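Student: Got a minute to go through this one with me? I'd like to start with the overall fold and then poke at a few residues.
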Amino acid sequence: MDRSLARSADCDLVQSRRWHPTFESSLHRAIEKSFNELRMWIPWAQVLPTRDELTLVLEHGANDFDADSRWEYSLFRPGSHDIVGGAGVHRTDVPGRYSIGYWVRTSCTGERLATAAARTLSAAVFHHLDDAEQVTIAMDRANLASPAIPPKLSYALAGLEDRDIITEGHTGQELVWSLDRPLVLTASTGTVLSQRARKRSFAA
Ligand SMILES: CC(C)(COP(=O)(O)OP(=O)(O)OC[C@H]1O[C@@H](n2cnc3c(N)ncnc32)[C@H](O)[C@@H]1OP(=O)(O)O)[C@@H](O)C(=O)NCCC(=O)NCCS
């Protein structure tokens with residue numbers, strides 16, 4: 001049974017590469033330059049990490065990736081070594097359900113990089129994780145840009161759920177979007193061609 005994601009996942013706009021400790025310098029720069037936006041929404045971005053801390057975070061993420069417990073990627077423009085964001089695939093408490101998260105360096109927003117990365121990783125989950133039945137993407141209800149992304153990738157709005165308030169922007173409620181395993185995947189691109197009927201309820 002296949003339970004691993006590839007170390008890199010590419011499309012025309014963006015390359016997703018498995019975390020590696022050598023990304024520390026570029027990642028630190030990208031987080032620092034985006035900190036005001038990230039800290040509004042992302043729990044891990046409440047304090048700017050030191051470079052040593054970031055190296056450890058990258059090492060742990062790489063180990064977790066290789067152990068297939070979570071899959072964290074940095075985002076690059078094709079051929080570049082400058083990080084333009086991050087995206088990750090995570091297991092959830094519900095068997096067969098995975099979640100995707102993303103962020104983009106502030107100077108690179110509006111170029112559809114997050115949409116491209118989320119599309120690539122959504123397809124990768126269904127291609128490579130045999131037990132994957134559903135992928136979710138969630139964001140705080142006050143976040144304006146992030147909810148524009150899932151519907152472009154055929155995710156359906158599954159519900160509004162209570163959540164802990166961790167960051168300054170959080171309202172205590174998040175929008176949850178879900179995509180069920182498609183009936184057909186193209187072999188080469190992973191394009192989602194059709195979907196199973198979506199569940200009406202979102203009960204765990
Ligand atoms: C949210 C975020 C990932 C978007 O990244 P991005 O690469 O700019 O996203 P994309 O360009 O792929 O798509 C963004 C969409 O939001 C839309 N959008 C942007 N700002 C918006 C706003 N204020 N109101 C409504 N829609 C907005 C864009 O028009 C675009 O839709 P379009 O392609 O149909 O025009 C990025 O801004 C970010 O990292 N923000 C801070 C952290 C964060 O919020 N992460 C997500 C947590 S769930």
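Tutor: Sure, we'll take the fold, then a helix pair, then some single residues. Keep in mind that this is a predicted model.

Student: OK, how many helices and strands does the chain have?
Tutor: The chain has 3 helices and 10 strands. Going along the sequence, the order is β-β-α-α-β-β-β-α-β-β-β-β-β.

Student: And how compact is the chain?
Tutor: As compact as a globular protein of its length, because its radius of gyration is 16 Å and the globule rule gives a close value, 17 Å, for 204 residues. The C-alpha trace spans about 45 × 40 × 30 Å along the principal axes.

Student: What share of the residues is buried?
Tutor: Buried residues are 32% of the 204. As for contacts with a separation of 6 or more, 61% of them join residues 24 or more positions apart.

Student: Switching to the helices: at what angle do helix 1 and helix 2 pack?
Tutor: About 115 degrees, and their axes are 10 Å apart. The range for roughly perpendicular is 65 to 115 degrees, so helix 1 and helix 2 fall in that class. Their crossing is right-handed.

Student: Which residues meet there?
Tutor: Helix 1 brings Glu24, Leu27 and His28, and helix 2 brings Arg51, Leu54, Thr55 and Leu58. By class, that contact has 3 nonpolar, 2 polar and 2 charged residues.

Student: New topic, arginine 17. Where is it?
Tutor: Arginine 17 sits in strand 2, which covers residues 15-18.

Student: Is arginine 17 buried or exposed?
Tutor: In between: arginine 17 counts as partly exposed because 16 other C-beta atoms lie within 10 Å, while buried would take 20 or more.

Student: What does arginine 17 touch?
Tutor: Leaving out residues up to four places away in sequence, arginine 17 touches Arg7, Ser8, Tyr73, Ser74 and Phe76. Histidine 90 is 73 residues from arginine 17 in sequence, and their C-alpha atoms are 16 Å apart.

Student: Last thing, what about the backbone at aspartate 68 and serine 154?
Tutor: Aspartate 68 has a positive phi, near 60 degrees, without being a glycine. Serine 154 isn't a glycine either, and its phi is positive at about 75 degrees.

Student: Where do those two lie?
Tutor: Aspartate 68 is in the loop between helix 2 and strand 3, and serine 154 is in the loop between strand 6 and strand 7. Aspartate 68 is partly exposed, with 13 C-beta neighbours inside 10 Å. Serine 154 is partly exposed with 16.

Definitions and conventions: Residues numbered from 1 in each chain as written. Predicted model: local features only at pLDDT ≥ 70, side-chain atom pairs only at ≥ 80, totals over all residues. Helix = DSSP H or I, 4+ residues; strand = E, 2+ residues; numbered from the N terminus. Rg over C-alpha atoms; globule rule 2.2 N^0.38 Å. Buried ≥ 20, exposed ≤ 12 C-beta atoms within 10 Å, placed from the backbone. Contact = placed C-beta atoms within 7 Å. Axes fitted to C-alpha atoms, helices over the stretch in contact; angles between N-to-C directions. Parallel < 35°, antiparallel > 145°, perpendicular 65-115°, else oblique. Left-handed = near helix turned anticlockwise from the far one by under 90°. Nonpolar A, V, L, I, M, F, W, Y, C, P; charged D, E, K, R; others polar.
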